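User: Hey, can you walk me through this one? I'd like to know how the pieces fit together.
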Amino acid sequence: MAAAAAGLASIWRLSHRLRPLQVISFPVLQLHMSRIAMGGSQKDFEMAVNQVKRLKNEPGNEVKLKLYALYKQATEGPCNMPKPGMFDFINKAKWDSWNALGNLSKETARQNYVELVSNLSASEPSSPGKPGAGRKQAGYDTLVVTSEDGITKIMFNRPTKKNALNHQMYQELMAALEAAGKDDSAITVITGNGDYYSSGNDLNNFTDSLQDDIEKSAQNAAILLRNFVGCFIDFPKPLIAMVNGPAVGIPVTLLGLFDIIYASDRATFHTPFSHLGQSPEGCSSYMFPKIMGSAKAAEMLIFGKKITAKEACAQGLVTEVFPDSTFQKEVWTRLKVYAKLPPNAMRISKQLIRNMEKEKLHAINSEECRVLQSRWQSEECANAVMNFLSRKAKL
Ligand SMILES: CCCC/C=C\CC(=O)SCCNC(=O)CCNC(=O)[C@H](O)C(C)(C)COP(=O)(O)OP(=O)(O)OC[C@H]1O[C@@H](n2cnc3c(N)ncnc32)[C@H](O)[C@@H]1OP(=O)(O)O
């Protein structure tokens with residue numbers, strides 16, 4: 001697993017083992033990018049190679065493989081590596097991608113590389129100054145955090161990745177919760193941007209964070225997860241989830257630690273831990289049976305049954321379901337009314353409900369992380385992750 005996963009992580013690095021970054025001022029860069037769109041000189045190519053390193057949006061494995069292939073074709077010509085064995089699927093994916101370019105000339109490969117980078121740059125988020133950016137709190141790349149009408153809203157903001165939680169998003173969520181717990185808002189709302197609420201842990205975390213020692217990587221991930229879930233256990237104010245679309249994995253399990261969950265009728269709830277060779281987290285091994293009874297919880301947590309918003313509501317996981325067409329309007333109208341209630345009374349009531357069990361929840365969280373730490377080192381987990389990353393499996 002370590003070798004295979006490290007191989008995946010290295011696609012990106014291997015294909016861009018290049019000269020140090022050139023410093024380009026913004027106007028020069030703009031001028032350059034418009035030239036890039038037109039041609040593919042060696043200079044444009046070198047600048048595109050540098051530009052790739054500055055992309056803010058992670059382009060995804062398919063695009064990375066394409067960039068890798070075009071880079072190799074542009075610098076070395078047609079694929080000259082021996083075909084890797086069928087189980088060496090990382091190198092095989094790279095080989096396939098490069099080999100697929102056949103006899104494409106170096107010049108055309110350079111030009112295609114430059115064009116691809118130009119397109120990727122064009123879809124990058126624009127800088128401050130965008131309409132509405134004034135209300136946005138600074139310091140978050142993977143979230144949009146806003147505060148108004150007594151409500152702090154934390155929105156997952158990686159819509160092209162179905163709001164999968166990468167390491168940066170875990171860190172930013174912890175920071176946003178810490179700040180929201182202390183700000184002057186009365187309630188905090190978490191929701192997702194785009195068609196998904198969130199597709200859960202970003203499976204690239206398994207390769208991106210790999211160090212030489214897989215045991216150490218699993219240990220670090222367990223510490224991160226324990227701290228992350230701990231922020232939800234300790235959150236001092238009413239915490240509301242607005243589940244705007246499908247939710248997979250950790251964003252589902254965490255719902256047991258929220259106070260209210262409103263869902264669009266498009267939302268689904270899926271915890272496919274066995275499929276992924278993993279086990280429950282977010283205190284769901286305790287909260288789900290408590291909320292929905294052990295039989296329904298087992299169907300979700302052991303057998304990975306995906307349930308609809310309506311089913312989740314019938315089982316007590318969701319507070320109320322709204323038609324997708326009126327979801328935003330109806331929920332925000334209601335939340336604005338709630339946010340006007342006396343904030344201290346709400347905070348104290350929440351704490352009365354939660355404090356009885358806080359210690360127990362922290363113990364459950366620790367135990368779930370301990371078990372997961374070992375699951376992440378299992379062959380079952382490695383196979384599931386590699387199957388997703390090599391495009392062989394989706395949930
Ligand atoms: C600190 C560690 C904590 C660990 C705890 C948590 C456990 C979990 O959360 S388990 C759940 C993990 N999630 C998954 O396994 C979901 C995997 N994703 C999918 O199966 C599908 O993407 C999904 C069914 C969600 C959506 O399918 P589609 O509608 O067909 O969309 P795409 O697959 O094309 O997705 C678009 C784009 O997003 C990337 N993506 C989506 N989800 C993830 C993810 N979880 N991790 C990484 N990347 C994800 C997907 O690869 C596509 O990317 P590009 O190909 O680059 O466009």
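Here is a chat about the sheets, the helix contacts and the ligand site.

User: Before we start, what kind of model is this?

Analyst: It's a predicted model, so keep that in mind as we go.

User: OK. Let's do sheets. What's the strand order in the sheet with 6 strands?

Analyst: The order is S1-S2-S3-S4-S6-S9, and that sheet is open, with mixed pairing. S1 and strand S9 (320-322) sit at the edges. Each of those two has a single partner strand, so one side of each has no neighbour in the sheet.

User: How much does that sheet twist, on average, from one strand to the next?

Analyst: The twist averages 20° from one strand to the next.

User: And what actually holds strands together in a sheet?

Analyst: Strands of a sheet pair through backbone hydrogen bonds, and they can do that parallel or antiparallel.

User: Which is it for S1 and S2, parallel or antiparallel?

Analyst: Antiparallel: strand S1 (residues 143-148) and strand S2 (residues 151-156) are joined by 6 bridges. If you want one pair to look for, leucine 143 has phenylalanine 156 in S2 as its bridge partner.

User: How many residues lie between the strands in that hairpin?

Analyst: There are 2 residues between S1 and S2 in the hairpin, and aspartate 149 there takes a positive phi near 55°.

User: What about S3 and S4, parallel or antiparallel?

Analyst: Those run parallel, with 4 bridges joining strand S3 (residues 187-192) to strand S4 (residues 239-243). Isoleucine 190 is one residue to check: its bridge partner in S4 is alanine 241.

User: Which strands does H7 lie across?

Analyst: Helix H7 (residues 167-182) lies across S1, S2 and S3. It runs at about 10° to S1.

User: Now the sheet with 3 strands. What order are they in?

Analyst: That one goes S5-S7-S8, again as an open sheet with mixed pairing. Its edge strands are strand S5 (247-248) and strand S8 (307-308), each pairing on one side only. Strand S7 (residues 268-270) pairs with S8 in the antiparallel sense over 2 bridges, and threonine 268 stands opposite threonine 308 in S8.

User: Switching to helices. At what angle do H9 and H16 cross?

Analyst: Roughly 155°, and the axes of H9 and helix H16 (residues 358-375) come within 9 Å. That angle makes H9 roughly antiparallel to H16. The crossing is right-handed.

User: Which residues make that contact?

Analyst: From H9, they include Ala218, Ala222, Leu225 and Val229. From H16, Leu361, His362, Cys369 and Leu372 are among them. By class, the contact of H9 with H16 has 8 nonpolar, 6 polar and 3 charged residues.

User: How about H11 and H12, what's their angle?

Analyst: Helix H11 (residues 284-292) and helix H12 (residues 294-301) pack at about 135°, with their axes 7 Å apart. That makes H11 oblique to H12. Their crossing is right-handed. Ser284, Ser285, Phe288, Pro289 and Met292 in H11 meet Ser294, Lys296, Ala297, Met300 and Leu301 in H12. Split by class, the residues of this contact of H11 with H12 are 6 nonpolar, 3 polar and 1 charged.

User: One more helix pair: at what angle do H4 and H5 cross?

Analyst: At roughly 60°, with the axes of helix H4 (residues 61-76) and helix H5 (residues 89-99) coming within 8 Å. H4 and H5 are therefore oblique to each other. H4 passes H5 in a right-handed crossing. The H4 side of the contact includes Leu65, Tyr68 and Lys72, while the H5 side includes Ala93, Ser97 and Trp98. In the contact of H4 with H5 there are 5 nonpolar, 2 polar and 3 charged residues.

User: Last topic, the ligand. Which residues come nearest?

Analyst: There are 23 residues around the ligand, and Gly60, Ser199, Gly200, Asn201 and Gly249 come nearest.

User: And which helix gives the most to that shell?

Analyst: That's helix H9 (residues 214-234), with 3 residues. You met H9 earlier, crossing H16.

User: How does the shell divide into nonpolar, polar and charged?

Analyst: The shell around the ligand has 10 nonpolar, 7 polar and 6 charged residues.

Terms used:
Residues numbered from 1 in each chain as written. Predicted model: local features only at pLDDT ≥ 70, side-chain atom pairs only at ≥ 80, totals over all residues. Near = placed C-beta within 6 Å. Nonpolar A, V, L, I, M, F, W, Y, C, P; charged D, E, K, R; others polar. Pairing = 2+ DSSP bridges. Axes fitted to C-alpha atoms, helices over the stretch in contact; angles between N-to-C directions. Parallel < 35°, antiparallel > 145°, perpendicular 65-115°, else oblique. Left-handed = near helix turned anticlockwise from the far one by under 90°. Contact = placed C-beta atoms within 7 Å.
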